[in-house]
Amino acid sequence: MAGPSTGDLPFLPYGRQSVEEEDIAAVAAVLRGDWLTQGPAVAGFERALSMRVGATEAVACANGTAALRLSYAALGIRPGDAVVVPSNTFLATASAARHCGAEVAFADVDPDSGLMGVAEAEAAIARARKAGWRVRALAPVHYAGQTAPMATLAALAQAEGLALVEDACHAIGTVDLSEGGERPVGAGRPEVEAGSLTVFSFHPVKTIAAGEGGAVTGNDPALMARVRRLCNHGMMRAPEAGQGFADPDAALDAEGKPNPWYYEMAEPGFNHRLSDIHAALVLSQLGRLDRFVERRARLMALYAERLAPLAPLVRPPALVPWCRPAWHLCAARIGFEAAGRTRSAVMAALRALGIGTQVHYIPVHRQPYWRRRYGDLALPGAMAHYAHTLSLPLFPAMADGDVDRVAAALERVLS
């Protein structure tokens, strides 16, 4: 993430991990121990994460993409099915469904917040059913740290008999306020009878980092057992609730206990395991999640204040009322046309001033693979959001003065 020389001022990337000595010590302890993978650090992280988000269970895995793939596969998503995915997301939300053979019903989003609401989801469901697809799941994306309107989306999923896979890769630490109380993202929606899972990512630019890592959280024991099996080749080493060994004569010893070497594979799975090295890092970071969330909130408040004089050319991210966000991105909205500057020219000029930026995201329905498959879909909200978004630097190590620097650079470049 190195940038051009700007004198004594450090280059500010749009996002960066925050690694401290306690993180290094945690990883070093694993390296000095007996388990580099499939050991106690993974189990410890899973327990801590499930407690933090209020879920019954968490399964750690290799990355957020693996978490999505495991979730869709555990729900039995298969060819002929369709998953509703907002177009404003990273590639993986859609690709993971396609890896299960499913079609993707792309939904539009609000042009200001970038979030899929009920109207957009209903339109995508109707379009999918007109194409003859079995709509099986909604996959709302919690963009930049703010949640989609989950109370209404969960009600829609329940009414339509759909499973719910929350892509919360941006939203570890976010709290849903939509029903009058506080529900941490990851607690799931037990009222959704077809199944409710939440996925997280711990990529270095996310709020907490594993290097590469992800997780699935949920409350249904049978569903989470399948997620865990699929994460590790589909292997079962001990009987699970409602599922015994297919070959008990080979599996059990004379006392009816599982033989220590025995395992069965009821269905093919994946090697999507998280190593203990990565788990040690993210477990250490999880202990500082509140501090990271608080610092990001402080920086976002400063952005709102410092960018206000640049309106209407520059506006901070649009706020939604139904959550308390743990901000992952500062996805500002910029009037490039009104400023008479292209986005690429603005990004290059900011980079020359030591300010790194990024675009989140190119609407997925515009990618060549999906255009060949479905043609040119009309999703104007997603396209409008894409046309004006630019992610500004946001990470805990930023100083308050760095926000002033970004705002001053924007004013200089846009004027």
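User: How many helices and strands does the protein have?
Analyst: This is a predicted model. Its secondary structure consists of 15 strands and, alongside them, 15 helices.

User: Is the protein as compact as a globular protein of its length, and what is its radius of gyration?
Analyst: The C-alpha trace spans about 80 × 55 × 40 Å along the principal axes. For 415 residues the globule rule gives 22 Å, and the computed value is close to that, so the protein is as compact as a globular protein of that length. The radius of gyration is 22 Å.

User: What percentage of the residues count as buried?
Analyst: Among contacts with a separation of 6 or more, 74% join residues 24 or more positions apart. Burial is counted over the 415 residues of the protein, with buried meaning under 20% relative accessible area. The share that counts as buried is 54%.

User: How far apart do the C-alpha centres of domain 1 and domain 2 lie?
Analyst: The protein is divided into domain 1 (21-236 + 265-282) and domain 2 (289-414). Between them, 43 residues of domain 1 are in contact with 38 residues of domain 2. Their C-alpha centres are separated by 24 Å.

User: Which helix gives the largest share of the largest nonpolar core?
Analyst: The largest nonpolar core has 61 residues, and Tyr72, Ile77, Val83, Val84, Val104, Phe106 and Leu138 have the most contacts inside it. The largest share is 7 residues, from helix α3 (residues 64-74). At least three residues of this core come from each of domain 1 and domain 2. The helix asked for is α3.

User: Which residues does leucine 138 contact, leaving aside neighbours within four places in sequence?
Analyst: Leucine 138 is one of the residues with the most contacts inside the largest core. With its sequence neighbours left aside, its partners are Val84, Ala121, Ile125, Leu153, Leu156, Ala157, Leu162, Ala163, Leu164 and Val165.

User: In what order do the 7 strands of the open sheet run?
Analyst: The pairing in this sheet is mixed. Strands β1 (57-61) and β3 (103-107) are the edges, each pairing on one side only. From one strand to the next the twist averages 30°. The order is β1-β9-β8-β5-β4-β2-β3.

User: Which residue in β3 is the bridge partner of valine 83?
Analyst: Strand β2 (residues 81-86) pairs with β3 in the parallel sense over 5 bridges. Val83 and Val104 both belong to the group with the most contacts inside the largest core. The bridge partner of valine 83 is valine 104.

User: At about what angle does α3 run to β8?
Analyst: Helix α3 lies across β1, β2, β5 (163-167), β8 and β9. This helix also gives the largest share of the largest core, 7 residues. Its angle to β8 is about 165°.

User: Which elements do the buried residues of α4 pack against?
Analyst: Helix α4 covers residues 91-99, and its buried residues are Ala92, Thr93, Ala94, Ala96 and Ala97. Just after this helix, glycine 101 takes a positive phi of about 90°. The elements that the buried residues pack against are α3, β2, β3, β5 and α13.

User: Which strands stand at the edges of the open sheet of 3 strands?
Analyst: This sheet has antiparallel pairing and the order β7-β6-β13. Strand β6 (residues 175-176) pairs with β13 over 2 bridges, and the partner of valine 175 in β13 is arginine 324. Each edge strand has a single partner, so one side of each is left without a neighbour in the sheet: these are β7 (183-184) and β13 (323-324).

User: Is leucine 390 buried or exposed?
Analyst: Leucine 390 is found in strand β15 (residues 389-392). Beyond four places in sequence, its contacts include Ile334, Phe336, Met347, Leu350 and Thr357. Its relative accessible area is 0%, so leucine 390 is buried.

User: Why does threonine 357 count as buried?
Analyst: Threonine 357 is found in the loop between α12 (343-352) and α13 (368-374). Not counting residues up to four places away in sequence, it touches Tyr14, Met347, Leu350, Leu390, Ser391 and Leu392. Buried means under 20% relative accessible area, and threonine 357 counts as buried because its value is 12%.

How values were computed: Residues numbered from 1 in each chain as written. Predicted model: local features only at pLDDT ≥ 70, side-chain atom pairs only at ≥ 80, totals over all residues. Heavy atoms only, no water. Core = buried A, V, L, I, M, F, W, Y, C linked by side-chain atoms within 4.5 Å. Buried < 20%, exposed > 50% of the residue type's maximum accessible area, 1.4 Å probe, protein only. Helix = DSSP H or I, 4+ residues; strand = E, 2+ residues; numbered from the N terminus. Domains from an automatic or database assignment. Contact = heavy atoms within 4.5 Å. Pairing = 2+ DSSP bridges. Axes fitted to C-alpha atoms, helices over the stretch in contact; angles between N-to-C directions. Rg over C-alpha atoms; globule rule 2.2 N^0.38 Å.
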